[in-house]
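Student: Pick one part of this model and walk me through it closely: what surrounds it, and what holds its neighbourhood together? Then show me how the charged side chains pair up.

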Amino acid sequence: MAASVRTLALRALCESRRNINRVSGSRIKHSCCGAWFTLCRGYSDGSEGKSTHFGFETVPEEEKADRVYKVFESVAKKYDVMNDAMSLGIHRLWKDSLLHAMNPQPGLRLLDTAGGTGDISFRFLEYTRSMYEHQQRQKVRSSQTPSWRDIAEHYASNKSGLPQSRAVVCDINKEMLKVGKQRAEKAGIGTDLSWVVGDAEELPFDDNQFDLYTIAFGIRNVTHIEQALQEAQRVLKPGGRFLCLEFSKVSNPVLARLYDAYSFQMIPVLGEVIAGDWKSYQYLVESIRKFPDQETFKEMIEDAGFFCVQYFNLTGGIVAIHSGFKL
Amino acid sequence: MAALIRGLRAGKALRGLGSVAVQAKLSPQCINVRRGFHRAALLRLADDFKSESVPPPSYHEVHKGEESSTSSAQGDSFNTAAGQEDGQPNTSYQDQSGEHGEDYETEEQLQARILTAALEFVPQHGWTVEAIASAAETLDLSPASTGMFNNGAGDLVLHFIAQCNAQLAETLAEQHKQIQLGQAEPKKTAEFLRDAVELRLRMLIPYIDTWPQAMSILLLPHNIPDSLKHLSTMVDDIWYYAGDRSTDMNWYTRRAAILGIYNTTELVMLQDSSPDFEETWAFLDNRIKDVVNMANTAKQVQATGEAVVQGLMGAAITLKNLTGMNQRR
């Protein structure tokens, strides 16, 4: 409701200023739209109405969410296979790097937004479980002559002793969550994992709920990235960490040319052959190009109120991990 | 345009920083100012890994000078800043820290607070990330905030060392002031060195059980530059307050001597089980005596050498006279 009122008001404002816009250039237009600057981010000069990019297309904002939904609905079943094919399996390394950067202590709550098929959550649970066992072993080893009580506790502690790590997978797309649930059942990871349908721009959670918030390869599909960042800020506990794994700008020009060639020539073809869907994968590579680069995204995260924002480039900048803290 | 708005916000942030900077402590102050520049995105280059380390606060005068020069640079940017809204990060942080009732605090100050709190958990968890996580929990922060410390346990150890060195420098400065005011007797160099090293080593006593782990962390390749830096500033401080103003080779030899004494005494202390580490202090006494003796011996050798050379010269001239070669015809 508020969004549509804003749309109308903005449209009225911008139409009234259109003549001045054309004469005096973009600077004044932006200063008029002062408070709505963040909404104008998707603006192309001289276009009216709120629109944003969908790959290299320009679409009205309301449409983008629907079209993204349709893309992922159609690719859901072959999503994991396609990931492996397109990235030659390297996406697993990227996700492992994200977990290493996260280095989660046992007993934390993770919100995996745009988690889809649950890759990050599965890794998180495995990581914390092995850390937990490692810590238990350390404890037993450090007490040189363990008392009968320690030994009894060690055997009795079947994950009901220390607070357990829990992961919540949130995705706007039911199909992706379905695929994820099936995978979880097959892998036997049932406990400590929940599946929630939700929009990253409007999360169905209370404030200060989670220790960790991750969004892996999802934030470029969000229509209003700033809103997603603010929601992340809201649901994180003080001291909580925001982590984003996303495709980014390659710095090396040679690698960039190779990467571009591969993206635009190979990936849609793979999409057609394996998943039978050229357009979705065309959208995917185009949306990567539309996403802001490392520094710009870092500034966006800082604007949302996160501190100690850093980014790590992986594979020469093809993928970047951004991290920020709510302090 | 985005840069313009960011610049305005940064200007406001800098103004906020500037007013609080006066109240903050000395060493975080220059970090405070540095953060202001970071926010203005003036000096921020695109790093991949940016780790924040606490610089060793050795000479207070140096830091004062730095702070005054940078605050004058701030003054210029204040005039240009219009500042419609408060620096967003500042206000949001204040809201969240409301329950602590504290004023604006920089990231580095918060990190320092977490690390100081983590020292309490070191006897239990060792010098590890778990100690930092437990500390974060006591400060009502999620354990996920340990990710702020890229170096993990290394950050904790380096923070502890920096703290100890700062304390040492303070105590030595106090003593120096006392001497200058005439309220205390100036000590002899050997005694002064002994007391300073003992004072510094006593700070390790609460953590002596886990100190071998800390030492091994300091020896990791990526930590060696920082640990050497801390060591050298500590040794420098000790000699400065001992009154060393040498500008020749002595500067190096003296610092090398104290470095050796300190390291060996530390190692002895690790395996000392006598009450109140008496054996360690006895060892320290002996080493200091050795160094003093060596210095004296060196002087003696030099003097003897000169005397011997002169004696030989005299003998040679006498011989020449005897054989009649020296006579002018």
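Tutor: Buried means under 20% relative accessible area, exposed over 50%, and partly exposed anything in between (1.4 Å probe, protein chains only). With that cut-off, 50% of the 327 residues of chain A count as buried. Keep in mind that this is a predicted model, where local features need pLDDT of at least 70, side-chain atom pairs need 80 or more, and totals for chains, interfaces and linings use all residues. Residues are numbered from 1 along each chain as written, chains are lettered from A and ligands numbered from 1 in written order, and side-chain values use heavy atoms, without hydrogens or water.

Chain A has 13 helices and 9 strands, taken as DSSP runs (H or I, at least four residues, for helices; E, at least two, for strands) and numbered from the N terminus. Let's zoom in on strand 6 of chain A, residues 210-216. 7 of its 7 residues are buried, so strand 6 is largely enclosed by the rest of the structure.

Who are its partners? Strands pair if DSSP finds at least two bridges between them. Strand 3 of chain A (residues 109-113) runs parallel to strand 6, joined to it by 4 bridges. In that pairing T113(A) sits opposite I215(A) of strand 6. Strand 7 of chain A, residues 236-247, is also parallel to strand 6, and here there are 6 bridges. One place to look is F210(A), whose bridge partner in strand 7 is L236(A). To get from strand 6 to strand 7, the chain goes through helix 10 of chain A (residues 225-235), and this β-α-β crossover is right-handed; that is, with the strands pointing away from you, the path from the first strand over the helix to the second runs clockwise.

Now for the charges. Over all chains the structure holds 28 salt bridges, each a Lys or Arg side-chain nitrogen within 4 Å of an Asp or Glu carboxyl oxygen. In chain A, D192(A) pairs with R129(A), with the closest N and O atoms 3.2 Å apart. This one links distant parts of the chain: D192(A) is in the loop between helix 9 (174-187) and strand 5 (193-197), R129(A) is in helix 7 (residues 119-142), and they are 63 residues apart. Both ends are partly exposed, at a relative accessible area of 24% for D192(A) and 23% for R129(A).

Chain B has a long-range pair too: D285(B) and R194(B), with N and O 2.3 Å apart at the closest. D285(B) belongs to helix 13 (residues 278-322) and R194(B) to helix 9 (residues 189-202) of chain B, so the salt bridge ties together parts that are 91 residues apart in sequence. D285(B) is partly exposed at 27%, whereas R194(B) is buried at 17%.

Set beside that a local pair in helix 13 of chain B: D290(B) and R287(B) meet at 2.8 Å, N to O. They are 3 residues apart, about one turn of the helix. D290(B) is partly exposed, with 35% relative accessible area, and R287(B) is partly exposed with 25%. Finally, salt bridges that share partners gather K187(B), R194(B), D195(B), E198(B), R202(B), D276(B) and D285(B) into one network.
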